[in-house]
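Here is a short tour of one protein model. Have the sequence and the 3D view open, and we will walk through the fold together.

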Amino acid sequence: GNQESEKTDYNIVQIVLACRSLSKRQMGALIVIGRNNHLDIHINTGEKLDASINSRLIESIFFKNSPLHDGAMIIANNRIQAAGCIIPVSRNQEIPRRLGLRHRAALGITEHSDAIAVIVSEETGRISYAFGGELMVNVKPEELEAFLSQKMSVSL
């Protein structure tokens, strides 16, 4: 119903706010947003959180000294399911060398599921996203929000 779409909008705004803030601070992040495919095998590689989606919580997990900042955060069913998760990297040889492990992992998970992966680069602070094995590099927060809104209108 309508409540669901309002919840989705709120959650997207929280994710985008966190990415904007992490981007300004040049703190690396990898956020995987599940859609229809189950991501349980990846969730089980990290620390289960089952927390509501909140920009400050997302930011604090990706802080450089946080024990969970290196892995991926997985969001599904309107919850932050886990953080510090291990995502297999893409084997695609076409990926430019300059892109790091986060981008490769983002491509890897989107090649094998209908998830969306959002990356903040530690080197440049740039925000990128992957979907369907394709990478969109250096997007503005507004563009990320528009993309997530379009793709998540089904279910977050």
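## Ground rules and a hairpin

Before we meet the hairpin, one definition helps: two strands count as a pair if DSSP finds at least two bridges between them. Please also keep in mind that this is a predicted model.

With that in hand, look at the hairpin of strand 3 and strand 4, where two residues lie between the strands and Asn77 takes a positive phi near 50°. Strand 3 and strand 4 run antiparallel and are joined by four bridges. At one of the paired positions, Ala76 stands opposite Arg79 in strand 4.

## The sheet as a whole

Zooming out, the model has an open sheet of seven strands in the order 2-4-3-1-5-6-7, and the pairing is mixed. Why do strand 2 and strand 7 each have one side left without a neighbour in the sheet? Strand 2 (47–51) and strand 7 (134–139) stand at the edges, each with a single partner strand, so one side of each stays free of a neighbour. On average, neighbouring strands of this sheet are turned by 20° against each other, direction ignored.

Strands of a sheet pair through backbone hydrogen bonds, in either a parallel or an antiparallel sense. Strand 2 is linked to strand 4 by three bridges, and the two run antiparallel; here Glu47 has Ala83 of strand 4 as its bridge partner. Strand 4 (residues 79–85) is mostly covered, with five of its seven residues buried.

Further along the order, strand 5 (residues 116–120) and strand 6 (residues 127–131) form an antiparallel pair over five bridges. Ala117 is bridged to Ala130 in strand 6.

## Helices on the sheet

Now for the helices. Helix 1 (residues 2–24) packs on the sheet and touches strand 1 (29–33), strand 3 (72–76), strand 5 and strand 6. The direction of helix 1 makes about 25° with that of strand 5.

Helix 5 (residues 141–152) lies across strand 1, strand 5, strand 6 and strand 7. Relative to strand 6, helix 5 runs at about 25°.

## The largest pocket

Let us finish with the open space. Rolling a probe the size of a water molecule over the atoms shows where empty space is left. The largest pocket has a volume of about 150 Å³.

Which residues line the largest pocket? They are Arg98, Leu99, Gly100, His103, Ser121, Glu123, Thr124, Arg126, Ser128 and Val137. Sorted by class, this lining has five polar, three charged and two nonpolar residues.

Note on methods. Residues numbered from 1 in each chain as written. Predicted model: local features only at pLDDT ≥ 70, side-chain atom pairs only at ≥ 80, totals over all residues. Heavy atoms only, no water. 1 Å grid on protein atoms, 1.4 Å probe; cavity = no way out; pocket = protein on both sides within 12 Å on 5 of 7 lines; lining within 4 Å. Points joined across faces, edges and corners; volume = space filled by probe spheres on them. Nonpolar A, V, L, I, M, F, W, Y, C, P; charged D, E, K, R; others polar. Axes fitted to C-alpha atoms, helices over the stretch in contact; angles between N-to-C directions. Contact = heavy atoms within 4.5 Å. Buried < 20%, exposed > 50% of the residue type's maximum accessible area, 1.4 Å probe, protein only.
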